[in-house]
Amino acid sequence: MYESILNSPNSLFSQFERLRRELDDVFGVSGLPSSIRSVAPGTVPAVNVGHTPTSVEIYAFAPGLDASKIDVTLDRGVLRISGERAPGIPTDKAEVQVYTRERGTGSFTRAISLPDDVDPGQVNASYRDGVLQVSVARRESAQPKRITVQ
């Protein structure tokens with residue numbers, strides 16, 4: 001009896017979950033990750049990860065950085081993006097008074113777990129207009145093959 005109450009689509013718990021999602025839409029995210037592969041909002045840099053049949057594509061949104069100071073490494077299936085963001089307001093001037101500081105400064109690191117079928121020998125990274133794009137090719141053996149029927 002209790003299992004049917006917990007698992008039914010119109011159960012009290014599913015109604016609470018629906019209400020929580022609607023409140024998050026109205027008032028903003030609760031600060032918790034939305035899925036097992038995501039992190040809390042505000043994590044720097046924000047990333048989008050997707051794939052094509054031939055590659056895994058990672059987009060890291062990090063405006064205002066010097067491309068030579070961004071470090072990208074791939075080790076044992078984990079892509080690590082690290083760097084440092086300088087303060088936006090000069091701190092050596094005595095006349096500058098800071099009222100609010102919303103842009104994060106300092107060093108950052110993001111680690112992204114990649115699928116097992118990526119080829120660590122074929123990685124391309126480019127930085128343009130504040131977006132770091134990393135493309136990791138998938139192994140030839142992992143790509144779908146068309147088989148001719150005779």
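User: Leaving aside neighbours within four places in sequence, which residues is Arg85 in contact with?

Analyst: Keep in mind that we're looking at a predicted model. With those neighbours set aside, Arg85 touches Ala62, Pro63, Leu65, Arg103, Gly104, Thr105, Gly106 and Phe108. Arg85 itself is found in strand β4, which covers residues 78–85.

User: And how do I read its charge? Which side chain of opposite charge is nearest to Arg85?

Analyst: The general idea first: side chains of opposite charge can pair when their charged atoms come close. Here, the nearest candidate for Arg85 is Glu84, and that one is 10 Å away. Arg85 is buried and yet has no salt bridge.

User: Which backbone oxygen does the side chain of Arg85 reach, then?

Analyst: That of Pro63, at 3.1 Å. Pro63 also turns up in the contact list of Arg85.

User: OK, on to real ion pairs. How many salt bridges does a search of the whole structure find?

Analyst: Two. The cut-off to remember is a side-chain nitrogen of Lys or Arg within 4 Å of a carboxyl oxygen of Asp or Glu. In one of the pairs, the side chains of Asp117 and Arg138 meet at 3.2 Å, N to O. Asp117 sits in the loop between β5 (106–113) and β6, while Arg138 belongs to strand β7, so this salt bridge ties together parts that are 21 residues apart in sequence.

User: Are Asp117 and Arg138 buried or exposed?

Analyst: Buried means under 20% relative accessible area. Asp117 comes out at 18%, so it counts as buried. Arg138 is buried too, with a relative accessibility of 18%.

User: Which side chains meet in a salt bridge at 3.9 Å?

Analyst: Those of Arg128 and Asp129, with the distance taken N to O. Both of these residues are exposed. Asp129 has a backbone feature to look at as well: in the hairpin of β6 and β7, it takes a positive phi near 50°. That hairpin has two residues between its strands.

User: Let's do the sheet. In what order do its strands come?

Analyst: Read it as β1-β2-β7-β6: four strands in an open sheet, with antiparallel pairing. An open sheet has edges, and here they are β1 (46–51) and β6 (118–128), each pairing on one side only. On average, neighbouring strands are turned by 15° against each other, direction ignored.

User: How many bridges join each pair of neighbours?

Analyst: Go along the sheet from β1. Six bridges join β1 to β2, and a hairpin of three residues links that pair. Strand β2 (residues 55–61) is held to β7 (residues 131–138) by seven bridges. Then β6 and β7 pair over seven bridges.

User: Which residues could I click on to see strands facing each other?

Analyst: Try one at each step. Gly50 has Glu57 in β2 as its bridge partner. Ile58 stands opposite Val134 in β7, and Ser126 stands opposite Gln133, also in β7. While you're there, remember that in a regular strand the side chains alternate between the two faces of the sheet.

User: One last spot. Where does Asp71 lie, and what does it touch?

Analyst: Asp71 lies in strand β3, residues 71–75. Not counting residues up to four places away in sequence, it touches Arg80, Ile81 and Ser82. Its C-alpha is 5.8 Å from that of Ile81, although the two are ten residues apart in sequence. With 42% relative accessibility, Asp71 counts as partly exposed.

Methods
Residues numbered from 1 in each chain as written. Predicted model: local features only at pLDDT ≥ 70, side-chain atom pairs only at ≥ 80, totals over all residues. Heavy atoms only, no water. Pairing = 2+ DSSP bridges. Axes fitted to C-alpha atoms, helices over the stretch in contact; angles between N-to-C directions. Buried < 20%, exposed > 50% of the residue type's maximum accessible area, 1.4 Å probe, protein only. Lys, Arg positive; Asp, Glu negative; His and termini not counted. Polar contact = N/O pair within 3.5 Å; in protein donor to acceptor, adjacent residues only side chain to side chain. Contact = heavy atoms within 4.5 Å.
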